[in-house]
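Biologist: Could you take me through this structure, going from the overall fold to the ligand and then to the annotated positions?

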Amino acid sequence: MSAQIINGKQISDTIREEIKNEVAALREKGVRPGLAVVLVGEDPASQVYVRNKAKACEDLGFYSEVHRLPAETSQADLLALIERLNGQADINGILVQLPLPKHIEEKAVIDAISVAKDVDGFHPISVGNLMIGDDSLLPCTPAGVIELLKRTGNSPAGKKAVVIGRSNIVGKPVSLLLLRENATVTIAHSRTPNLPEVVREADIVVAAVGVPKLVKKDWIKPGAVVVDVGINRLDTGKLCGDVDYDEVAEVAGWITPVPGGVGPMTITMLMANTLKAAKTAHGIG
Ligand SMILES: Nc1nc2c(c(=O)[nH]1)N[C@@H](CN(C=O)c1ccc(C(=O)N[C@@H](CCC(=O)O)C(=O)O)cc1)CN2
């Protein structure tokens with residue numbers, strides 16, 4: 001048996017088309033969603049992601065502003081910019097690209113973003129809303145994982161899901177979203193005894209642990225859905241996930257590749273969040 005591939009690029013393109021059409025209709029009514037992206041420093045990977053976000057805005061008809069600040073920008077100056085963007089009516093979403101330079105406290109920056117414009121879904125109030133099941137802007141990568149499952153007919157309802165990883169950005173929120181979708185969820189991590197045995201119980205495995213090729217073929221129940229959130233760069237320069245793709249694909253029912261699986265969904269869900277924030281700001285559906 002060989003797993004069916006979950007093509008994140010293709011699913012992401014479909015969602016972008018849906019968003020583009022909705023934005024075109026909104027613009028007819030005089031509403032244009034706006035996203036501000038803030039980059040501090042010159043991290044090469046972050047520069048690529050920020051460029052891709054600005055390009056997505058252009059392609060889908062959003063207004064966008066990119067604020068590129070030098071690495072030595074003070075925390076006070078960054079907070080002042082966020083405060084200004086919080087008050088700007090043409091901006092519906094604010095994203096500060098992570099990681100930030102060491103002298104800036106990430107939490108202070110996330111806390112300063114208005115909850116209504118928190119399109120990353122990282123603000124403590126957004127996290128609390130997710131926890132209690134209130135409507136909120138959902139963190140992009142976890143929301144992308146749920147979209148990939150649903151759009152390939154792999155509804156989590158009634159399934160056993162094991163999430164490997166407990167980070168605030170992926171592991172914990174994706175677990176809460178799977179629970180919200182009526183899966184029975186186990187969160188496993190580096191201190192979980194008998195990890196392969198725990199994972200073998202799962203109908204859905206989400207790997208978000210940051211260890212290249214950790215998940216092996218004999219950890220997987222035949223036919224299980226395997227979603228790999230890991231992005232690890234090997235010494236060869238090649239990207240790989242947290243799942244040993246070649247061997248796991250022999251037993252899984254469905255599998256996401258790296259690259260081209262979860263990765264492309266992150267920016268797409270950011271655009272979906274910005275659209276949602278704009279509609280809320282204008283009192284639309
Ligand atoms: N404020 C934020 N900062 C960061 C986030 C985030 O969601 N919000 N996530 C990452 C970076 N990131 C977006 O910002 C991101 C990472 C990876 C991809 C992606 O499409 N990956 C591709 C591979 C790309 C490659 O070849 O390098 C894939 O997996 O297919 C998109 C966005 C950290 N910072």
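The conversation below takes these topics in turn.

Modeller: This is a predicted model, in which local features need pLDDT of at least 70 and side-chain atom pairs count only at pLDDT 80 or more, while totals for chains, interfaces and linings use all residues. Residues are numbered from 1 along each chain as its sequence is written.

Biologist: How many helices and strands does the chain have?

Modeller: Helices (H or I, at least four residues) and strands (E, at least two) are taken as DSSP runs, numbered from the N terminus. Counted in this way, the chain has ten helices and eleven strands.

Biologist: Which domains give residues to the shell around the ligand, and why does the ligand lie where it does?

Modeller: Domain bounds come from an automatic or database domain assignment, and the C-alpha centres of domain 1 and domain 2 lie 29 Å apart. Because both of them give residues to the shell around the ligand, the ligand lies between domain 1 (30–114) and domain 2 (140–263).

Biologist: Which element supplies the largest share of the shell around the ligand?

Modeller: A residue is near the ligand if its C-beta atom, placed from the backbone, lies within 6 Å of it, and 17 residues surround the ligand, with Tyr49, Leu98, Pro259, Gly263 and Thr266 the closest. At least two residues each are supplied by β4 (93–96), α6 (140–151) and α10 (263–281). The largest share, four residues, comes from α10.

Biologist: Which positions does UniProt list under "binding site"?

Modeller: UniProt positions are given in the numbering used here, with feature names shortened, and annotations may be inferred rather than shown by experiment. The record is an unreviewed entry, and under "binding site" it lists Gly165, Arg166, Ser167 and Ile231.

Biologist: Is Gly165 buried or exposed?

Modeller: Gly165 lies in the loop between β5 (160–164) and α7 (171–180). A residue is buried if 20 or more other C-beta atoms, placed from the backbone, lie within 10 Å of its own, exposed if 12 or fewer, and partly exposed in between. Because Gly165 has 24 C-beta neighbours inside 10 Å, it counts as buried.

Biologist: Which residues does Ser167 touch, leaving aside those up to four places away in sequence?

Modeller: Ser167 lies in the loop between β5 and α7, and it is partly exposed, with 14 other C-beta atoms within 10 Å. Two residues are in contact if their C-beta atoms, placed from the backbone, lie within 7 Å. Not counting residues up to four places away in sequence, Ser167 touches Lys172 and Ala208.
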